[in-house]
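Work through the exercises below with the sequence and coordinates open. Each task is followed by a stepwise solution.

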Amino acid sequence: MSKTEELQKLREEHVPKGPFNVTPYFAADAKGAVITDVEGREYIDFAGGIGVMNVGHCAPRVVEAIKDQAGRFTHTCFHVMMYESYLELARRMNGLAPGGFAKKTMFVNSGAEAVENAVKIARYATKRFGIIAFEDAFHGRTLLTMTLTSKVKPYKYGFGPYAPDVYRIPYAYCYRCAFGLAYPSCELRCAEYMKEIFHTHITAENVAAVLAEPVLGEGGFVVPPGGWHRKVKQICEENGILYIDDEVQTGFGRTAKMFAIEHFGVEPDIMTTAKSLAGGLPLAGVTGRSEVMEAPHVGGLGGTYGGNPLACRAALAVLETFEKEKLLERAGAIGTRVTDRFTAMQKEHEIIGDVRGVGAMVAMELVKDRATKEPAKDETSALVKKCYEKGLVTISAGTHGNIMRILMPLVITDEQLERGLDILEESLGEI
Ligand SMILES: Cc1ncc(COP(=O)(O)O)c(C=O)c1O
């Protein structure tokens, strides 16, 4: 029995099937943009542990910071005895987050927990309860964030009833416009639609916040057209509604700006971050306008592990790595190269209906027919499988599971990038 077979047997015996696995392999080692499995086989990583490893596996500064902190203390609980790294990271986040106003930041453990807290804070600050979320959105798997998430299978199916007072409207998904219109002649009908639900679902005076991803992550890297975020924010401002920007997947340089919302000229009232924030350690942040963040009473927010010292030190090292290794510029260069290659592939392969993205957050949407746009879900799964069998780890996305998204570490070398794209192209020819 190979080591992989041995581990697979253990996995089946002792772990439930609910936590899914993209590949049937087991990691032994990972450096930069390459993962080595227990059989010694190498894989180019185009998934980055779902957008977590923007600075690369075992980024030297991150490893050093964790080692140093581990030798000092690993936990006191921020609520019991505070430490400098939490404060320094909050200070850095407040400076980095868009918006020329005073901000405050608190830390939790996961993206879902950050979104939960953002909603709690928005409700407390506005004394309202309604939350408007979008179709094709993904915000997590806890009861509230599962409710806020759009895709039914596998995220919501069987897990109801859901949390109340979440209202949903279409996102600006131009390739599949919910209104059958085309940009720019649509005049952003989908954003305007929010005003209608104030009559049909919930009065604006009861809406605490609009929760939006700046670019859909799990929903398939959908980039809203120019002006959409601004229009949504404007409607929020007119109605005293807070704008929560979920940067969990887009954040930390993926789109060649630190936060994707910077591409759209909007200053969110609250912003959530996680994933690549701490180079693989579980850490998430909620950053927002001081007066909003200060609304909840003492003890109303927190958690045992939130802002763990190892994770805060790792995050400070991530920030240093971004600066020293100019990773925002690198994200731009990677994005240009991937988009060029994907666009060339689209000319050769009928199955690629759409290529889209911003910075290094690029995806291709696979369809059975370019005219009907019928999602090619099975073909996308087959493509993911072909790729990993050839040594490239990728992940799909999209409400219909027909989108191939690219989230490689930004430290990937040119050679690894080309090799990965070659494997993808070769695999496309075989499905
Ligand atoms: C935009 C967005 N929000 C929230 C989450 C949930 O994050 P976590 O899995 O850390 O709970 C994700 C995870 O993919 C995400 O992409």
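A salt bridge is a side-chain nitrogen of Lys or Arg within 4 Å of a carboxyl oxygen of Asp or Glu. This is a predicted model, in which local features need pLDDT of at least 70, side-chain atom pairs count only at pLDDT 80 or more, and totals for chains, interfaces and linings use all residues. Residues are numbered from 1 along each chain as its sequence is written, and side-chain values use heavy atoms, with hydrogens and water left out.

**Exercise 1.** State how many salt bridges the structure holds, and explain what the pair R313 and D68 ties together.

Step 1. The count of salt bridges is 34.
Step 2. One of the pairs is R313 with D68, whose side chains meet at 3.0 Å, N to O.
Step 3. R313 belongs to helix 10 (residues 309–324) and D68 to helix 3 (residues 60–70), so this salt bridge ties together parts 245 residues apart in sequence. Helices (H or I, at least four residues) and strands (E, at least two) are DSSP runs, numbered from the N terminus.

**Exercise 2.** Describe the surroundings of the ligand.

Step 1. List the residues near the ligand, meaning those with a heavy atom within 4 Å of it: S110, G111, A112, F138, H139, G140, E213, D246, V248, Q249 and K275.
Step 2. Sort this shell by class: three residues are nonpolar, five polar and three charged. Here Ala, Val, Leu, Ile, Met, Phe, Trp, Tyr, Cys and Pro count as nonpolar, Asp, Glu, Lys and Arg as charged, and the others, Gly among them, as polar.
Step 3. Find the polar contacts (pairs of N or O atoms within 3.5 Å). Polar backbone atoms of G111 and of A112 each lie 2.8 Å from a ligand oxygen. A polar side-chain atom of K275 is 3.0 Å from an oxygen atom of the ligand.
Step 4. Of the 390 Å² of accessible area that the ligand has on its own, the protein covers 82% (Shrake-Rupley method, 1.4 Å probe).

**Exercise 3.** Locate the cis peptide bonds at P154 and P161, and the positive phi of I50.

Step 1. K153 and P154 are joined by a cis peptide bond with omega about 10°. P154 lies in the loop between helix 6 (143–148) and strand 6 (166–169).
Step 2. The cis bond between G160 and P161 has omega about 0°, and P161 is also in the loop between helix 6 and strand 6.
Step 3. I50, not a glycine, has a positive phi of about 60°; I50 is placed in helix 2 (residues 48–51).

Key:
Polar contact = N/O pair within 3.5 Å; in protein donor to acceptor, adjacent residues only side chain to side chain.
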